[in-house]
Amino acid sequence: MTEVLSDAIRTFTYPFIHDTYRYSTNVEKAGVEQKTEVGSWGGTILNVTDEYHHEIAERARVMARDDSRYAVLPHMYPASWDGARHLMRLAAQEFPEHFQLEEEGDSLHWHNSLLGIDDTFRYGDDASLPMPPLEYIGRQLGEDIVLMDEREGHLWVDAGLVTFAAGWSLAFNVGMDFQRMHGPVPRAVPEGVFVRAEQFLLRLQPGDDHRRLNWVFQPDRHLDLGMNSYPDWLPSIMSFMDDIGDDEFADRVHIRIEIQHFIRLAESNAVMFLISTRLLSLRDLARVPSWARQTLSVVEEVPQDMVDYKGMTDIRPAIVKWLTEYVARLDEE
Amino acid sequence: MTSRQLRVSAIRDLPGRVRTVTLEPLDGKALPSFAPGSNIGLQWSDKLINSYSLVGDHSSPASYQISVLAQPEGSGGSLWVHNLQLGEVVTSTGVRSAFAPVAIAKHHVLVAAGIGVTPVLSHARWHARWGHSFDVYYVHRPGQGAHLDELQELCGDRLHTYASRTEFWAEFPQVLATQPFGTHIYTCGPLAMIDSVAQAAAEASWPEGRVHSEAFSSAALDAGKPFTAIFARSGRTVTVPSGASMLEAAEEIGIKAPYLCRQGLCGECRVSVIAGRVDHRDLVMGAAEKEDGNSMMVCVSRAADDLLEVDL
């Protein structure tokens with residue numbers, strides 16, 4: 001079977017390493033290119049892809065309906081500047097063809113040629129920007145951004161711009177500590193995973209950056225699966241299995257990957273958490289035979305409580321069925 | 001951690017046998033920003049690294065500055081710094097943040113004694129920049145106040161100076177009794193000063209979590225009892241004798257462990273504890289963290305009982 005694979009497949013963040021999956025602190029250094037069966041991903045921290053304009057428009061649409069997706073507690077004001085500047089530096093360094101940043105002390109000149117934005121402003125001076133710094137840069141990147149403050153030996157979710165949450169809400173979580181925020185994760189499970197994860201994050205030294213992947217299957221290409229907008233997307237997902245035809249199933253079901261980055265900001269000492277959401281249809285995923293086989297093994301085996309938590313209760317049997325038939329055909333060929 | 005080559009580009013003598021050394025990057029590129037209270041380690045002999053607080057601009061620094069008190073009776077690091085010549089190249093560790101301001105504080109009380117002024121200066125610079133509410137209480141011998149001029153410029157009437165600890169203590173209990181709710185205290189100086197500020201704060205009913213400190217000399221620790229150490233990742237079990245640290249015991253059998261200061265100050269040698277209770281003797285971890293007992297600094301901390309299993 002020879003077929004020309006699309007860029008989306010060749011650069012896809014295929015997440016599975018083993019034939020089974022459990023939550024773990026599966027953290028690795030950021031910015032290191034990871035080879036896959038058919039290509040690679042991860043050479044950069046930020047993801048500026050063909051989806052960029054769609055992500056920016058979608059973020060603007062979500063914000064227009066619900067501005068609680070952006071929150072900065074007052075004490076996070078310096079951290080929000082530190083985070084915004086870090087993101088601008090990173091964008092300019094990783095994608096110089098799209099973004100430029102000139103710095104002279106506190107004077108910053110930012111240019112985003114993809115959106116035709118060109119601003120000069122002063123670091124630390126909100127009045128010199130059309131909107132607060134974290135919102136400003138957040139509206140120009142596809143990544144969700146969370147800033148965590150460190151105090152009392154813990155991390156606190158105290159600021160962010162999150163429009164593409166999968167089943168959670170920044171407005172609900174803001175002000176919570178790291179352990180409480182992860183309270184609902186089931187089986188998470190060898191006891192102490194989040195204690196160790198937090199310890200790890202607390203140990204990050206200035207400029208350190210790491211990443212991990214998370215995955216789930218979902219109907220269609222919704223980026224925003226936030227708690228705040230249940231009414232917008234939940235009905236179509238609830239009725240998805242009733243309405244879907246066999247022939248369109250694999251095109252409409254998608255694997256959703258969250259590329260999560262953890263970066264210790266150097267000046268404010270805050271930990272910046274970035275989530276880049278990538279979507280690939282089950283049909284495209286299965287175009288790589290080893291991916292189809294391993295994904296079948298993983299999805300079949302995942303414990304029910306994890307499936308329920310991920311919101312895959314209804315969809316799992318159908319994914320398993322489709323992949324089983326698909327893999328059987330591969331084996332015949 | 002990334003080590004870095006830095007060149008001595010300026011030397012300035014301050015009152016009180018303190019010398020400020022400016023270090024610039026060899027490649028001329030901007031250095032990373034740093035959090036107030038951060039330090040860098042300078043390698044001053046084959047195996048020895050001393051940490052010094054950064055006192056200069058922390059937002060977009062073109063160079064790093066350290067201010068070091070000459071201590072002829074010390075182990076030699078401070079005199080090494082004082083002997084550095086213009087143009088000399090030194091090796092530094094990456095920047096470490098170990099004494100950052102608490103962002104949520106409503107007001108910051110900064111207490112500096114002697115050379116303990118260095119991280120306090122950096123905190124004051126930060127608070128002045130972001131318009132935070134703060135006061136600086138600086139104890140120094142008459143005429144020997146390093147960085148006094150800069151502090152005056154940054155703080156104005158928020159700077160309170162004392163020529164002796166007696167003078168300081170005549171006033172400070174009243175300060176402790178009258179701070180707004182949500183104030184945090186940061187003390188930097190000799191251990192005795194830190195202890196007495198912490199004790200006075202406790203007597204004035206301050207919650208422990210609002211009282212912070214960075215020590216400039218660590219009290220000698222006792223040799224401790226022998227105990228059994230299990231290095232789980234390496235699959236080795238050894239006895240740590242009295243007078244030797246768990247870190248030394250690990251190195252003895254060829255286990256590589258991270259470390260810098262070997263004095264319980266820098267936090268580099270933290271490892272996860274798998275089993276056993278820890279007698280924490282470091283100055284890095286907070287009280288709550290020590291109570292959790294999930295990790296320890298193997299350079300100074302020991303088993304509270306007979307056995308300790310760690311992820312090393």
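1. Secondary structure and extent of chain B. In this predicted model, chain B contains 18 strands and seven helices. Along the principal axes, its C-alpha atoms occupy a box of roughly 60 × 50 × 35 Å. The radius of gyration of chain B is 20 Å, which agrees with the value near 20 Å for a compact globule of 312 residues.

2. Burial and contacts in chain B. Of the 312 residues in chain B, 49% are buried. Among contacts in chain B with a separation of 6 or more, 64% are between residues 24 or more positions apart. The area that chain B exposes is about 13900 Å², and 49% of this area is supplied by carbon and sulfur atoms.

3. The largest nonpolar core. This core has 43 residues. The members that touch the most other members are A:Trp215, A:Phe217, A:Phe249, A:Leu282, A:Leu285 and A:Ile319. Two strands of chain A, S10 (209-219) and S11 (253-264), are on the list of elements giving two or more residues to the core. The helices on that list, also of chain A, are H10 (249-252), H11 (282-286), H12 (289-301), H13 (304-309) and H14 (316-332). H14(A) gives the largest share, eight residues.

4. Surroundings of A:Ile319. Which residues is A:Ile319 in contact with, leaving aside its neighbours within four places in sequence? They are A:Phe217, A:Phe249, A:Val253, A:Leu282 and A:Val299. Among these, A:Phe217, A:Phe249 and A:Leu282 are, like A:Ile319, listed with the core members that touch the most others.

5. Another core. Apart from the largest core lies another, of 37 residues. Its members include A:Leu87, A:Phe121 and A:Leu274, and also B:Trp126, so residues of both chain A and chain B are found in this core.

6. Salt bridges, and the pair A:Arg278 and A:Glu55. Over all chains, a search of the whole structure finds 34 salt bridges. In one of them, the side chain of A:Arg278 meets that of A:Glu55, at 3.3 Å from N to O. The pair ties together parts 223 residues apart in sequence, because A:Arg278 lies in strand S12 (residues 271-281) of chain A and A:Glu55 in helix H2 (residues 52-65) of chain A. Are the two residues buried or exposed? A:Arg278 has a relative accessible area of 12% and is buried; A:Glu55, at 3% relative accessibility, also counts as buried.

7. The pair A:Glu150 and A:Arg264. These side chains meet in a salt bridge at 2.8 Å, N to O. Distant parts of the chain are linked here: A:Glu150 is in strand S8 (residues 144-151) of chain A and A:Arg264 is in strand S11 of chain A, 114 residues apart. A:Arg264 is buried, with a relative accessible area of 2%, whereas A:Glu150 counts as partly exposed at 27% relative accessibility. Strand S11 of chain A also gives two or more residues to the largest nonpolar core.

8. The pair A:Glu248 and A:Arg252. A salt bridge joins these residues, with the closest N and O atoms 3.8 Å apart. A:Glu248 counts as partly exposed at 29% relative accessibility, and A:Arg252 is partly exposed too, with a relative accessible area of 28%.

9. A salt-bridge network. A:Asp66, A:Arg69 and A:Asp224 are linked in a network of salt bridges.

Methods
Residues are numbered from 1 along each chain as its sequence is written. Chains are lettered from A and ligands numbered from 1 in the order in which they are written. This is a predicted model: local features need pLDDT of at least 70, side-chain atom pairs count only at pLDDT 80 or more; totals for chains, interfaces and linings use all residues. Side-chain values use heavy atoms; hydrogens and water are left out. A nonpolar core is a set of buried Ala, Val, Leu, Ile, Met, Phe, Trp, Tyr and Cys residues joined through side-chain atoms within 4.5 Å. Buried means under 20% relative accessible area, exposed over 50%, partly exposed in between (1.4 Å probe, protein chains only). Helices (H or I, at least four residues) and strands (E, at least two) are DSSP runs, numbered from the N terminus. Contact means heavy atoms within 4.5 Å. A salt bridge is a side-chain nitrogen of Lys or Arg within 4 Å of a carboxyl oxygen of Asp or Glu. The radius of gyration is taken over C-alpha atoms; the globule rule is 2.2 Å times the number of residues to the power 0.38. Accessible areas come from the Shrake-Rupley method with a 1.4 Å probe; for residues, only the protein chains shown count as cover.
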